[in-house]
Amino acid sequence: MRCTLKNLLVLFVFTLLSGNAMAQQQIQYTQYMYMPSLINPAYVGLDQVMKISLLHRSQWVGVAGAPVTQTLVISTPLGEKMGLGFNLIQDKTGPAKETNASLDFAYGLQLNDRELKLSFGMKAGLQLLNVDYSKLTTQDPNDPSINENINSRITPNIGVGLYLYNSDWYVGISTPNLLSTKHYNSVAVSTVSSTTHLYLTGGMTFDLKENIKFKPAFLLKSVTGAPISLDVSLNVLFNNKFTTGLSYNYKNSVSGLVDFKVSNSLSIGYGYTADTSDISYFSGGSHEVLLRYYFNKLFTNVKQPRWLF
């Protein structure tokens, strides 16, 4: 059994690292730790509760054509070892409108008697892309690369991920889009590309006092042709109801977030990101609003990890 598990891990990591990638970056979320299944399908079902999350993000406020994103995440456990999730993301950036829909499935294994567990996850979905080049202002209106739009171009996508964790810490590795695709218009001059990203996440939980928990976390993102992105966050949870935190994205931004559990069923969160790169001269920062609704815990005999947000 040990040999089989080791071989699975080696094959899995090789699959993650072997994808052909390009320079385009995916959506950056300030509150990524509250919706980890977006980047790692192995997370779904780990919290043993069905929940619905809704997020609105306005990036680089004040910049014409800047990204505006709406995200829906639904997840539920299917038992003590399995989880199922659904993600719907709509992103508008300049002349492009992209919609992604995907299903996530996760399966967990108990590795030892000290609560060490490993969860495998898979993601499968579709991407719908529309690009209206008439919204661009160009010097040459007869340029063939902008004379024909991309209309309802559909491409498939698959992703994989894993989580290694116990009650106090976790480490995850994933790629939510294993397939690299190019969208050509009919003259094959202008292209829009979807690229493979590799994510490494991790975090821990410490008790500062009886009702105060310190939750540091990190997110490392890599895509060929672009600098590695490192985000480090420091969050504090008070009385299991109120969270506040700061995060720093290396050479790019500083973020702050707050999250309040209004009731046992509803949480409201807000995140603000101030850019530290050159775009800060033009941008008023980025705003996120997050709503999460929890249903009753389905499997009361399963202990939840303390690091869950």
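What share of the 309 residues in the protein is buried? Let's start there and work inward; keep in mind that this is a predicted model.

**Exercise 1. Get an overview of the fold.**

Task: work out the burial, the secondary structure and the spread of contacts.

Solution.
- Step 1: burial. Buried residues come to 43% of the 309 in the protein.
- Step 2: count the elements. You should find one helix and 17 strands.
- Step 3: look at the contacts with a sequence separation of 6 or more. Of these, 55% are between residues 24 or more positions apart.
- Step 4: turn to the outside. The accessible surface is about 15,900 Å², and carbon and sulfur atoms hold 62% of it.

**Exercise 2. Trace the pairing of strands 4, 5 and 6.**

Task: say how strand 5 pairs with strand 4 and with strand 6, and give a residue pair for each.

Solution.
- Step 1: put strand 4 (residues 96-110) beside strand 5 (residues 117-131). They run antiparallel and are joined by 15 bridges.
- Step 2: pick a pair. Alanine 106 has glycine 121 of strand 5 as its bridge partner.
- Step 3: check the turn. The two strands make a hairpin with six residues between them, and glutamate 115 in that turn has a positive phi of about 70°.
- Step 4: move on to strand 6. Strand 5 pairs with strand 6 over 14 bridges, again in the antiparallel sense.
- Step 5: pick a pair here too. Arginine 153 in strand 6 stands opposite leucine 129.

**Exercise 3. Compare the settings of two residues.**

Task: for glycine 159 and threonine 205, find the element, the burial and the contacts.

Solution.
- Step 1: place glycine 159. This residue sits in strand 6 (residues 150-165).
- Step 2: is glycine 159 buried or exposed? The cut-off for buried is under 20% relative accessible area. Glycine 159 has 2%, so it counts as buried.
- Step 3: list what touches glycine 159 beyond four places in sequence. Among the contacts are Pro41, Gly121, Met122, Lys123 and Pro176. Note that Gly121 also turned up as the bridge partner of alanine 106.
- Step 4: take a closer look at proline 176. Its C-alpha is 4.1 Å from that of glycine 159, though the two are 17 residues apart in sequence.
- Step 5: place threonine 205. You'll find it in the loop between strand 10 (198-204) and strand 11 (206-209).
- Step 6: apply the cut-off again. Threonine 205 has a relative accessible area of 5%, so this loop residue is buried.
- Step 7: list its contacts, leaving out neighbours within four places. They are Asp168, Lys213, Phe214, Lys215, Arg306 and Trp307.

**Exercise 4. Contrast a cavity with a pocket.**

Task: describe the linings of the largest cavity and the second largest pocket.

Solution.
- Step 1: count the cavities. There are three of 30 Å³ or more, and the largest has about 100 Å³ of space.
- Step 2: see what lines the largest cavity. The lining includes Tyr32, Met33, Thr201, Trp307, Leu308 and Phe309.
- Step 3: sort that lining by class. Eleven residues are nonpolar, one is polar and none is charged.
- Step 4: go to the second largest pocket, with a volume of about 680 Å³. Of its 27 lining residues, Lys261, Tyr294, Gln304, Leu308 and Phe309 are closest to the centre.
- Step 5: which strand gives the most to this lining? Strand 17 does, with six residues.
- Step 6: sort the pocket lining by class. You get ten nonpolar, seven polar and ten charged residues.
- Step 7: put the two side by side. Charged residues number ten in the pocket lining, whereas the cavity lining has none. Leu308 and Phe309 appear in both linings.

Notes:
Residues are numbered from 1 along each chain as its sequence is written. This is a predicted model: local features need pLDDT of at least 70, side-chain atom pairs count only at pLDDT 80 or more; totals for chains, interfaces and linings use all residues. Side-chain values use heavy atoms; hydrogens and water are left out. On a 1 Å grid over the protein atoms alone, a cavity is a set of points where a 1.4 Å probe fits but cannot get out, and a pocket is an open set with protein on both sides within 12 Å along at least five of seven lines; lining residues have an atom within 4 Å of a point. Grid points are joined across faces, edges and corners, and a volume is the space filled by probe spheres set on the points. Helices (H or I, at least four residues) and strands (E, at least two) are DSSP runs, numbered from the N terminus. Ala, Val, Leu, Ile, Met, Phe, Trp, Tyr, Cys and Pro count as nonpolar, Asp, Glu, Lys and Arg as charged, and the others, Gly among them, as polar. Buried means under 20% relative accessible area, exposed over 50%, partly exposed in between (1.4 Å probe, protein chains only). Contact means heavy atoms within 4.5 Å. Two strands pair if DSSP finds at least two bridges between them. Accessible areas come from the Shrake-Rupley method with a 1.4 Å probe; for residues, only the protein chains shown count as cover.
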